[in-house]
Amino acid sequence: MAKKIKTAITPTREEDYSQWYQEVIKASDMAENSPVRGCMVIKPWGFALWENIMYEMNAMFKETGVRNTYFPLFIPLSYLEREAEHVDGFAKECAVVTHHKLEKGADGRLVPAGELAEPLIVRPTSETIIGESMSKWTTSYRDLPILLNQWANVVRWEMRTRMFLRTSEFLWQEGHTAHATKAEAQERTLQMLDVYTRFVEDYLAMPVICGRKTESERFPGADNTTCIEAMMQDKRALQAGTSHFLGQNFAKGSNIKFQNEEGQEAYAWTTSWGTSTRMIGGMIMVHSDDDGLIMPPRVAPAHVVILPIIKKGGDNAEVMESTNALKQALNAKIYHGRRVEVEIDARDIGGARGWDWVKKGIPVRIELGPKDIANNAVFMARRDTNEKKAMDRDAFINGIIDLLDDIQGTLFQRALDFRKAHTLSIDSKEKFYTLYKGATGYENGAFVYSHWCGSKVCEETIKKDLSVTIRCIPFDSPAEEGACICCGNGSKRRVLFAKAY
RNA sequence: CGGGGCGUAGCGCAGCCUGGUAGCGCGCCUGCUUUGGGAGCAGGAUGUCGGAGGUUCGAAUCCUCUCGCCCCGACCA
């Protein structure tokens, strides 16, 4: 008997949350670091997850009339300057291309040559270059709305990176729309935030709080930024998606003009909205445990792994035949429009095999040996609850859809309960400070609803003192008279405070 | 970008102070034994000790520079 290890992942969440996070990713085989600083290699198990996310979200976008496009990776430097706040927001983290070829230098090594007349930046986001096209495509109100999306990579030269949560290059989707009226653009902003809410809650099983960002947390160049915020297991908040109402700021910068029904020239109203591979980081931190990754069935690359019990040198033909038949029977079942995906792992490596799949987060594991076959049974283990039991084979096959739905529901409910258990309303500044002063590591305080007077000074004071920010002004925060948690002045509603990723 | 820590086999680490040419555990390969569970025994493979210079007869070890990772801060999806 080898030494008994309690958890598949060390350290545990409680011991060292950030280290645990890194280890979960490594153990799941989703991704690893690349030779380039701050960039990551997404491996098949991780990319399959992203593909499922893209597939499902893409369908949701299209239902709202959005169409996919592709715009260039490179953007002329001057475009960035078209919107003043945009410059301030992104200039300091842009990768810049200044040369177009390499030549051999004196020592035989390659050096950049052929300096560009105008440097190009690698897109940190694409408002400006898409705005350029929109301005060409828009002459009449009949050309509007324009509803575009693209799945792409972007680069933001980050000082501090973490896998999936913040990498220098990341994958995302960015939606960009232009409208004839302010109201329509505002409506679109909320419509897309609602798509995000539904996707993140229904597919990633992460409950979110929807709201509006304060002025200081707004997207650079936006009139209004809305967001969805989720609670991680260390009680910190993660912004899982944002949707911006850009007013006419970018329309003016990019000259997106049209003639309205009255024949007058007008600037369009634009929006943009995005979600990224960061959501995967959120999914990991919301659901996973000390044995590794846990994936919600609706986005998992595979739903079931079958582990045939095989004997080395023995006759395993019957077991393998039964395994393949089970896989086929499961494949025939449709889970929310997608067939039930099954992996078979017939490696003869003992119990380590099962642990590999625990760490990969697959929702259901099935052990299938001669005894099960004789009894027309399977031995089933759920990743979410760790429940293990022998089941009638046909009952398992016929119940697989319900089982997966149950796992999906359990994950969402568990995350919701966790958030509720760590959400407070606080009216005393002293209590507020005490809570967050002691907040480190796994215990990063809570989600706190407190009153805020609306002053930037108060917001900054709290940020400076406690590293706590206003995550959002929740849409469902009721009108309620109160005193600002920081200065005590009058406030009309509570806002959501938390430490954030 | 500031402060701190760390890069040695696929993974986790020891060796470094007091230079002498690399080791342990897990994993991997082979064989036998096991078999409803992260197996046991025996044998075996794998390292330009992150990279580049320097000091030295000799560098994983000392010095300089550099790249990368992790943590804290500032910044940020």
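# Talking through a protein with RNA strand B

Modeller: Let's start with N255, which sits in the loop between α7 (249-254) and β12 (257-259). Keep in mind that this is a predicted model.

Biologist: What makes N255 "partly exposed"?

Modeller: Its relative accessible area is 38%. Buried means under 20% and exposed means over 50%, so 38% falls in between and N255 counts as partly exposed.

Biologist: And what about the phi of N255?

Modeller: The phi of N255 is positive, about 60°, although N255 is not a glycine. Most residues other than glycine have a negative phi. A205 also has a positive phi of about 60° and is not a glycine.

Biologist: Where is A205, and why is A205 called buried?

Modeller: A205 is in the loop between α6 and β9 (209-212). Its relative accessible area is 0%, and the cut-off for buried is under 20%, so A205 is buried.

Biologist: Which peptide bonds are cis?

Modeller: The bond from T10 to P11 is cis, with omega near -5°, and P11 is in the segment before α1. A cis bond also joins L144 and P145, with omega about 0°; P145 lies in the loop between α5 and β7. As background, most peptide bonds are trans.

Biologist: On to α5. Why do you say that α5 is largely enclosed by the rest of the structure?

Modeller: Eight of the eleven residues of α5 are buried, so the helix is largely enclosed. The buried ones are E127, T128, I129, I130, G131, S133, M134 and S135.

Biologist: What lines the largest cavity?

Modeller: The lining is E127, I130, G131, M134, H176, T177, L246, F250, I256, T270 and T271. The elements that give two or more residues to it are α5 (127-137), β8 (169-179) and β14 (269-276). Helix α5 gives the most, with four residues. By class, the lining divides into five nonpolar, five polar and one charged. The volume of this cavity is about 60 Å³.

Biologist: How many cavities are there of 30 Å³ or more?

Modeller: There are two. The second largest holds about 30 Å³ of space, and its lining is E56, Y203, R298, H303, Y335, H336 and R338.

Biologist: T271 was in that first lining. Why is T271 called buried?

Modeller: T271, in strand β14, has a relative accessible area of 1%. The limit is under 20%, so T271 is buried.

Biologist: And what makes the pairing of T271 with T177 a polar contact?

Modeller: The cut-off for the N or O atoms is within 3.5 Å. The side chains of T271 and T177 are joined at 2.4 Å, and those of T271 and W273 at 3.2 Å. Both distances fall within the cut-off, so both pairs count as polar contacts.

Biologist: Now the RNA. What makes a residue count as near RNA strand B?

Modeller: One of its heavy atoms has to lie within 4 Å of the strand. In this model, 40 residues surround RNA strand B, and the closest are R160, R166, I309, E367 and D372. Sugar and phosphate make up 42% of the strand's atoms that come within 4 Å of the protein.

Biologist: Which side chains have an N or O atom 3.0 Å or 3.2 Å from a phosphate oxygen?

Modeller: For K26, the distance to a phosphate oxygen of RNA strand B is 3.0 Å; for R162, it is 3.2 Å. A base oxygen of the strand is 2.7 Å from a polar backbone atom of K371. These distances are within 3.5 Å, so they meet the polar-contact cut-off.

Biologist: What classes of residue make up the surface near RNA strand B?

Modeller: It has eleven nonpolar, twelve polar and 17 charged residues. The largest share by element, four residues, comes from α1.

Biologist: Last stop, the largest nonpolar core. Which residues have the most contacts inside it?

Modeller: Those are I53, F164, F199 and I284, in a core of 58 residues. Helix α2 gives the most to this core, with eight residues.

Biologist: And what volume does the largest pocket have?

Modeller: About 1,400 Å³. Of the 47 residues that line it, R156, E158, R166, Q239 and R278 are the closest to its centre.

Technical notes
Residues numbered from 1 in each chain as written. Chains lettered and ligands numbered in written order. Predicted model: local features only at pLDDT ≥ 70, side-chain atom pairs only at ≥ 80, totals over all residues. Heavy atoms only, no water. Polar contact = N/O pair within 3.5 Å; in protein donor to acceptor, adjacent residues only side chain to side chain. Nonpolar A, V, L, I, M, F, W, Y, C, P; charged D, E, K, R; others polar. 1 Å grid on protein atoms, 1.4 Å probe; cavity = no way out; pocket = protein on both sides within 12 Å on 5 of 7 lines; lining within 4 Å. Points joined across faces, edges and corners; volume = space filled by probe spheres on them. Core = buried A, V, L, I, M, F, W, Y, C linked by side-chain atoms within 4.5 Å. Buried < 20%, exposed > 50% of the residue type's maximum accessible area, 1.4 Å probe, protein only.
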